[in-house]
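User: Hi! I have a structure open and could use some help finding my way around. Can we go through it together?

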Amino acid sequence: MRHTLSFAVLILAITSLACSDVANLAGVPAFDCANPPKERLHVGPRDLVDAFGSNVVQAEATYGGGQVLEVAGEASRVSRDDGGAFIGIRSGPLGKGKVQAYFPDANAAAFGAVQEGQQVTVLAQLRVGKSTEKRITLQSACLVTQ
């Protein structure tokens, strides 16, 4: 009986992880932008770049885990790449690291009006395993202010 229960819990955990990956690939927000979580960690883009430049593993432990990050800064561009549509948030001088907040298709209209140089605040989650000291990848971004 105990092994059956453990096996069922394991299958449930694997299924929920697989569903969250499918949600990210399908462009489904991880949280409701109209009613964002009140608990969030305020962090500057420069702080993210510095943390990942010092120790990627420690930075993922600090900023990952599904917590919502509130990142404010200057928009460097709104673009698209193989990972989807994103807003770049300037973290300092060129070549010092990029913060890219990928937003799901459901939030695209809000990001459509953002211009380079504009101050923005986004809510997003760190995409653990996809960030490096040169590029910090956030996912499920919502635009809070423009």
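**A look at the core and the salt bridges**

Analyst: Happy to! In the largest nonpolar core, which has 25 residues, Leu48, Val71, Ile87, Val122, Ile136 and Leu138 touch the most other members. Keep in mind that this is a predicted model.

User: Which helices and strands each supply at least two residues of this core?

Analyst: They are the helices α2 (45–54) and α3 (56–63), plus the strands β2 (69–81), β3 (84–89), β4 (98–102), β5 (119–126) and β6.

User: Let me zoom in on Val122. What does Val122 touch, leaving out residues up to four places away in sequence?

Analyst: Val122 touches Leu69, Glu70, Val71, Ile87, Ile89, Ala101, Phe111, Cys142, Leu143 and Val144.

User: Okay, new topic: how many salt bridges does the structure hold?

Analyst: There are four. One of them joins the side chains of Arg40 and Glu70, at 2.9 Å from N to O. Arg40 sits in the loop between α1 (2–26) and β1 (41–42) while Glu70 is in strand β2, so this pair ties together parts that are 30 residues apart in sequence.

User: Is Glu70 buried or exposed?

Analyst: Glu70 counts as buried, because its relative accessibility is 16% and the cut-off for buried is under 20%. Its partner Arg40 has 27%, so Arg40 counts as partly exposed.

User: What about Arg90? Which residue forms a salt bridge with Arg90 at 3.1 Å?

Analyst: That's Glu74, with 3.1 Å between the closest N and O atoms. Since Arg90 lies in the loop between β3 and β4 and Glu74 in strand β2, the pair ties together parts 16 residues apart in sequence. Arg90 also meets Glu116 in a salt bridge, at 3.7 Å from N to O. Glu116 is in the loop between α4 (108–111) and β5, 26 residues from Arg90.

User: Which residues are joined into one network by salt bridges that share partners?

Analyst: Glu74, Arg90 and Glu116. Glu116 counts as exposed because its relative accessibility is 61%. Arg90 is partly exposed at 28%, and Glu74 is partly exposed at 27%.

User: One last thing. What is unusual to look for in the phi of Ser140?

Analyst: Its sign! Most residues other than glycine have a negative phi. Ser140 is not a glycine, yet it has a positive phi of about 60°.

User: And where is Ser140?

Analyst: Look in strand β6, which covers residues 135–145. Ser140 counts as buried because its relative accessibility is 5%.

Conventions: Residues are numbered from 1 along each chain as its sequence is written. This is a predicted model: local features need pLDDT of at least 70, side-chain atom pairs count only at pLDDT 80 or more; totals for chains, interfaces and linings use all residues. Side-chain values use heavy atoms; hydrogens and water are left out. Helices (H or I, at least four residues) and strands (E, at least two) are DSSP runs, numbered from the N terminus. Buried means under 20% relative accessible area, exposed over 50%, partly exposed in between (1.4 Å probe, protein chains only). A nonpolar core is a set of buried Ala, Val, Leu, Ile, Met, Phe, Trp, Tyr and Cys residues joined through side-chain atoms within 4.5 Å. Contact means heavy atoms within 4.5 Å.
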